[in-house]
Amino acid sequence: MPMQPYLIVALILFCIGLFGALTKRNTIIVLICIELMLNAVNLNLIAFSKYGANANISGQVFSLFTITVAAAEVAVGMAILIALYRNKRNVNIDKMNTLKD
Amino acid sequence: MDLDTLLSFNWGIMAPEFTILIVGVLLTVIDLFGPTSVKKNIPKLGLVGVILAFILLVPQYGHDQVSILHDTYLFTPFAYYFKFILLIGAMLIFLMILSNESNKEITDRSEYIYLLLSALLGAMMMASSGDLITLFVGLELLSLSSYIMVGLRKKSLRANEGAMKYVINGSIATAFTLFGMSYIYGVSGSTNLVDISREMSASLGTAEPVATIGFIMMFIGLSFKISTVPFHMWTPDVYEGASTPVTAFLSVISKTAGFVIIMNIFFTIFTGNGEANTSLYDSMLLFIAVLAILSMLVGNLIALRQRNMKRMLAYSSIGHAGYMLIPLTSISQLSVENVWFYLFAYSFMTIGAFMVIYLLEQQKKSEDISIFTGLYQTSPVLAVCMTIFLISLAGIPGTAGFIGKFNIFVGAILAEPSLYILAAVMALGTIISYLYYFNILVQMFIRPPQLEGKVSVRVAESIPLIACVAGTIILGIFPFLALNFFQ
């Protein structure tokens with residue numbers, strides 16, 4: 001079954017991305033890690049659409065939508081980060097502690 | 001696909017969505033190129049657009065099911081009822097925005113309006129879509145618009161920080177949802193919910209664990225939107241950072257949309273073609289039940305020690321999400337009805353409470369609970385309104401919140417098998433919530449005011465208050481008006 005390596009790579013990518021997103025201090029790295037998670041999804045979708053039990057084109061269509069939306073999401077994230085940087089002069093996540101209980 | 005097939009669809013049924021889309025695009029263009037005299041009226045034009053969409057939606061009551069473009073758009077009674085709540089909630093939030101004519105903190109006021117419209121469009125697409133791809137696009141339309149709305153007070157550090165936290169948490173949630181969706185697509189070979197349902201009703205064999213992981217990951221991703229414990233961490237920070245109308249929006253429309261997409265996906269897949277694949281859903285039930293118990297307890301307990309009003313309502317909204325998860329542990333028409341009624345009641349009382357906070361926050365420049373001190377002496381009307389919203393949130397008889405809680409409670413006991421533990425925790429959560437709701441009542445009625453002077457309520461500010469009070473009381477005394485409407 002040629003599908004499994006693709007799925008395993010995707011799973012590893014997803015886990016690396018999740019680990020990075022939860023542990024890294026720099027917000028830019030966190031955003032990159034989130035991209036990694038979304039790309040793991042694309043890999044999954046394309047592997048399923050090529051080698052899946054009933055292979056069809058909709059997985060590839062789905063991955064196109066995912067890529068587009070991920071780009072928009074990072075654009076919004078960066079815009080907000082720039083606004084934050086203007087006020088705070090810092091992009092580290094552990095410094096974002098104005099709001100807390 | 002040729003033009004004839006394209007024209008053969010019943011596009012008229014999409015009229016509410018098209019209205020929102022066209023008004024949103026028009027307002028964007030006006031904001032860029034229009035004269036200043038027109039620009040001032042953009043919030044009013046937005047409200048007109050939402051009212052128009054509502055007027056177009058109402059006559060679709062009882063319409064047959066319509067499918068456009070291979071179920072990417074699906075008109076069902078389910079979609080109709082939830083779009084009804086979404087549009088009413090949006091109207092109330094527009095009234096809330098209109099009540100404050102000069103907002104110094106938000107300079108780009110019209111951006112707010114068309115972002116709200118695009119978020120509303122995303123939520124409506126989530127209600128009436130039968131395909132994972134369009135559901136995902138609708139979800140992201142809502143999420144991206146709300147990220148920007150939270151961060152719209154560019155000069156405020158708290159708004160920036162809340163928005164950043166929201167973007168990071170929301171993107172991770174999106175990645176989870178998508179990862180789950182990709183496994184479900186892999187197992188079923190389709191993105192259409194009805195096709196997935198057909199594939200899932202047969203025995204899956206070795207693919208069954210993959211499908212279970214897919215569904216659980218999708219549920220985790222979507223439960224960020226409805227902010228249940230343990231995926232609630234962003235809620236208080238984002239609610240505090242956002243300006244109050246946006247907070248009301250997140251608390252009502254975003255949460256409604258979260259429940260809509262969860263019920264749309266799970267109920268279509270598991271009951272789609274008559275025979276439910278119970279073994280798959282059963283493997284998720286325990287998970288949902290644990291989330292519900294945790295949300296009810298954690299949300300209400302942490303709310304006890306909050307002094308910031310928006311944080312307190314954020315934690316209380318986590319508790320309410322827990323109550324609304326209880327019906328999802330059993331799939332039936334009754335559970336959809338219970339969630340629908342609760343969300344309907346919840347939108348009136350929450351928007352009302354946020355409206356009172358918004359008024360006091362502008363006059364006293366604070367969000368601390370002390371803004372309520374002696375409110376009964378400075379403004380009896382406002383104090384009475386807030387009392388109605390609070391006793392409704394607490395679930396005292398005579399208000400909409402009571403009927404909603406009562407239905408869910410009875411539904412949990414009548415379910416097969418009875419969910420006694422969930423019902424008991426719900427009662428416990430409600431009792432805990434009395435403490436912090438009644439603390440505000442004590443502040444309003446018993447403590448003397450710190451400063452002399454009346455709190456005035458202008459006409460524009462009284463309209464959303466009157467609407468919310470009317471909704472809360474009418475649904476509380478005549479719940480059958482709404483329950484008969486939901487057949």
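Two residues are taken to be in contact if their C-beta atoms, placed from the backbone, lie within 7 Å. On that criterion, the contact between the chains of this predicted model draws 36 residues from chain A and 33 residues from chain B. Three elements of chain B give two or more residues each to the side that touches chain A: α7 (132-150), α8 (157-188) and α11 (234-241). Helix α8(B) provides the largest share, 18 residues. By class, this side of chain B holds 16 nonpolar, 10 polar and 7 charged residues.

Chain B was examined next. Its secondary structure amounts to 21 helices and 2 strands. The radius of gyration of chain B is 22 Å, and the globule rule gives 23 Å for 487 residues. The two values are close, so chain B is as compact as a globular protein of that length. The C-alpha trace of chain B spans about 70 × 60 × 40 Å along its principal axes. Of the 487 residues in chain B, 58% are buried. Contacts in chain B were also sorted by sequence separation. Among those between residues at least 6 apart, 81% join residues at least 24 apart.

Chain A has 3 helices and 0 strands. From the N terminus on, its elements run α-α-α. The radius of gyration of chain A is 17 Å, whereas a compact globule of 101 residues would have a value near 13 Å. Along its principal axes, the C-alpha trace of chain A spans about 50 × 25 × 20 Å. Buried residues account for 34% of the 101 residues in chain A. Of the contacts in chain A with a separation of 6 or more, 52% involve residues 24 or more positions apart.

One helix pair within chain B was examined in detail. Helix α18 (residues 400-414) and helix α20 (residues 459-477) of chain B have axes that come within 6 Å. These axes cross at roughly 45 degrees. The crossing angle therefore makes α18(B) oblique to α20(B). On the α18(B) side, the contact involves B:Ala400, B:Phe402 and B:Ile403. These meet B:Gly471, B:Thr472, B:Leu475 and B:Gly476 in α20(B). The residues of this contact divide into 4 nonpolar and 3 polar, with no charged residue.

Helix α10(B) has 18 residues, and at 1.5 Å a residue it should span 26 Å. Its end C-alpha atoms are 26 Å apart, which agrees with that expectation. Buried residues of α10(B) include B:Ala211, B:Gly214, B:Phe215 and B:Met217. The buried set also includes B:Ser223, B:Phe224 and B:Lys225.

Backbone geometry was then considered. Most residues other than glycine have a negative phi, and most peptide bonds are trans. Just after α10(B), B:Ser227 takes a positive phi of about 50 degrees. B:Ser227 lies in the loop between α10 and α11 of chain B. With 29 C-beta neighbours inside 10 Å, B:Ser227 counts as buried. The loop between α10 (208-225) and α11 of chain B also holds B:Pro230. The peptide bond from B:Val229 to B:Pro230 is cis, with omega near 0 degrees.

In chain A, A:Arg89 has a positive phi, near 60 degrees. A:Arg89 sits in the segment after α3 (58-88) of chain A. A residue is exposed if 12 or fewer other C-beta atoms lie within 10 Å of its own. A:Arg89 has 8 such atoms within 10 Å, so it is exposed.

A final site lies in helix α9 (residues 193-201) of chain B, which contains B:Ile196. With 25 other C-beta atoms within 10 Å, B:Ile196 is buried. Leaving aside neighbours within four places in sequence, B:Ile196 is in contact with B:Ile184, B:Ser188, B:Ser190 and B:Ile269. B:Asn169 is 27 residues from B:Ile196 along the chain, and the C-alpha atoms of the two are separated by 28 Å.

How values were computed. Residues numbered from 1 in each chain as written. Chains lettered and ligands numbered in written order. Predicted model: local features only at pLDDT ≥ 70, side-chain atom pairs only at ≥ 80, totals over all residues. Helix = DSSP H or I, 4+ residues; strand = E, 2+ residues; numbered from the N terminus. Nonpolar A, V, L, I, M, F, W, Y, C, P; charged D, E, K, R; others polar. Rg over C-alpha atoms; globule rule 2.2 N^0.38 Å. Buried ≥ 20, exposed ≤ 12 C-beta atoms within 10 Å, placed from the backbone. Axes fitted to C-alpha atoms, helices over the stretch in contact; angles between N-to-C directions. Parallel < 35°, antiparallel > 145°, perpendicular 65-115°, else oblique. Expected span 1.5 Å × (residues − 1).
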